[in-house]
Amino acid sequence: MPAYAIVLAILLFPVCFIGLFFLLIKETQVSGYVEVTVASGGRYHQTLIPVLERETFAEVMSRVSYARSVSL
């Protein structure tokens, strides 16, 4: 729950009960890792790339695709 929702709920609760609706606000947080694995010619490499936002996954996959196209 975002901090601003709690503050608004506390400030607006005495005025009217509509301040309680601010407690229904939810915030989505993305976190984790994208695992990239490469295997070729008997060699193997694996790495974990930290993800803090949703767009990072698409960016990593784009870079992997570019690396594949350059290596051929």
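## Pocket, fold and two buried residues

The largest pocket in this predicted model is lined by Val36, Thr37, Val38, Ala39, Ser40, Arg63, Val64, Ala67, Arg68 and Ser71. Two elements, strand S1 (32-40) and helix H2 (55-71), each give two or more residues to that lining. The space in the largest pocket comes to about 190 Å³, and its lining, sorted by class, is made up of 5 nonpolar, 3 polar and 2 charged residues.

The protein chain as a whole contains 2 helices and 2 strands, which follow one another from the N terminus in the order α-β-β-α. The radius of gyration of the protein chain is 22 Å, well over the 11 Å that the globule rule gives for 72 residues, and the chain is therefore more spread out than a compact globule. Taken along the principal axes, the box filled by the C-alpha atoms of the protein chain is roughly 70 × 20 × 10 Å.

Burial and contacts can be described for the chain in turn. Of its 72 residues, 14% count as buried, while the protein chain exposes about 6,300 Å², with carbon and sulfur atoms supplying 63% of that area. When contacts between residues at least 6 apart in sequence are considered, 17% of them join residues at least 24 apart.

Two residues, one in strand S2 and one in helix H2, are set out below.

| Residue | Element | Relative accessibility |
|---|---|---|
| Valine 51 | strand S2 (residues 43-51) | 8% |
| Threonine 56 | helix H2 | 15% |

Valine 51 has its place in strand S2, and with a relative accessible area of 8%, which lies under the 20% cut-off, this residue is classed as buried. Once residues up to four places away in sequence are set aside, valine 51 touches Val30, Ser31, Gly32, Tyr33, Val34 and Thr56. One of these partners, glycine 32, is 19 residues from valine 51 in sequence, yet the two C-alpha atoms are 5.3 Å apart in space.

Threonine 56, found in helix H2, has a relative accessibility of 15% and so also counts as buried, because that value falls under 20%. Apart from its neighbours within four places in sequence, threonine 56 is in contact with Pro50 and Val51. The contact between threonine 56 and valine 51 thus joins a residue of helix H2 to a residue of strand S2, and helix H2 is also one of the elements that give two or more residues to the lining of the largest pocket.

How values were computed
Residues are numbered from 1 along each chain as its sequence is written. This is a predicted model: local features need pLDDT of at least 70, side-chain atom pairs count only at pLDDT 80 or more; totals for chains, interfaces and linings use all residues. Side-chain values use heavy atoms; hydrogens and water are left out. On a 1 Å grid over the protein atoms alone, a cavity is a set of points where a 1.4 Å probe fits but cannot get out, and a pocket is an open set with protein on both sides within 12 Å along at least five of seven lines; lining residues have an atom within 4 Å of a point. Grid points are joined across faces, edges and corners, and a volume is the space filled by probe spheres set on the points. Helices (H or I, at least four residues) and strands (E, at least two) are DSSP runs, numbered from the N terminus. Ala, Val, Leu, Ile, Met, Phe, Trp, Tyr, Cys and Pro count as nonpolar, Asp, Glu, Lys and Arg as charged, and the others, Gly among them, as polar. The radius of gyration is taken over C-alpha atoms; the globule rule is 2.2 Å times the number of residues to the power 0.38. Buried means under 20% relative accessible area, exposed over 50%, partly exposed in between (1.4 Å probe, protein chains only). Contact means heavy atoms within 4.5 Å. Accessible areas come from the Shrake-Rupley method with a 1.4 Å probe; for residues, only the protein chains shown count as cover.
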